[in-house]
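Biologist: Could you take me through one part of this model slowly? I am new to this, and I would like to see how two helices can sit against each other.

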Amino acid sequence: MNFAAVAPKVFKAVLGLHAAAVEGLDPVLVELVQIRAAQLNHCAYCLDYHITDARKAGESEDRVHQLPAWRESSLYTVRERAALALTEAVTLLPDGVSDEVYEEAARHFDEATLARLIAVIFTANTWNRMNVTTRKTPGTD
């Protein structure tokens, strides 16, 4: 299914939400969050898309490759770790977002930035679910 063609208003609304969410955020952090959500959701299309964008934003191959093991890697800042932990908690929502994960993110991001980061995470999850459900694969547009 070409979701953008058959549901253009919904597609444009998600694009608008994403644009508002990323405003003022570090582009590399945004890509790390989107890649991690896509990994958890098994969205090959989004992985391909965001890894390409991460490289364009200056992200290193080592950090992209170690992202599935970010907790064990020394390549990520404490701020990035807080964002990645929040990404996992929001993406794997049945376990909820613990107070510890939320409070750690709140220590590294002011309230307005944290709100946009949360919006990036749920927007990434929306794109992942849209693309996985409609069977969108890398190389298709």
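Modeller: Happy to help; here is a walk from one helix pair to the cores around it. Please keep in mind that this is a predicted model. Two packed helices are described by the angle between their axes and the distance between the axes. Our pair is helix H3, residues 27-41, and helix H4, residues 44-56; their axes are 9 Å apart and meet at an angle of about 160 degrees. Angles over 145 degrees count as roughly antiparallel, so H3 is roughly antiparallel to H4. The crossing of H3 past H4 is left-handed.

Now look at who touches whom. H3 brings Glu-31, Gln-34, Ile-35, Ala-38 and Gln-39, while H4 brings Cys-46, Leu-47, His-50, Ile-51, Asp-53 and Ala-54. Sorted by type, the residues of this contact are six nonpolar, three polar and two charged.

Next, the wider setting. In soluble globular proteins, nonpolar side chains tend to be buried together. Here the largest nonpolar core has 28 residues, and Val-33, Leu-67, Leu-86 and Leu-117 touch the most other members. H3 and H4 each give two or more residues to this core, as do helix H6 (78-91), helix H7 (99-108) and helix H8 (111-133). Try clicking on Val-33: beyond its neighbours within four places in sequence, Val-33 is in contact with Ala-83, Leu-84, Thr-87, Leu-117, Val-120 and Ile-121. There is also a second, separate core of seven residues, including Val-14, Ala-38, Tyr-45 and Cys-46. Ala-38 and Cys-46 may look familiar, since both are among the residues in the contact of H3 with H4.

Key. Residues numbered from 1 in each chain as written. Predicted model: local features only at pLDDT ≥ 70, side-chain atom pairs only at ≥ 80, totals over all residues. Heavy atoms only, no water. Axes fitted to C-alpha atoms, helices over the stretch in contact; angles between N-to-C directions. Helix = DSSP H or I, 4+ residues; strand = E, 2+ residues; numbered from the N terminus. Parallel < 35°, antiparallel > 145°, perpendicular 65-115°, else oblique. Left-handed = near helix turned anticlockwise from the far one by under 90°. Contact = heavy atoms within 4.5 Å. Nonpolar A, V, L, I, M, F, W, Y, C, P; charged D, E, K, R; others polar. Core = buried A, V, L, I, M, F, W, Y, C linked by side-chain atoms within 4.5 Å. Buried < 20%, exposed > 50% of the residue type's maximum accessible area, 1.4 Å probe, protein only.
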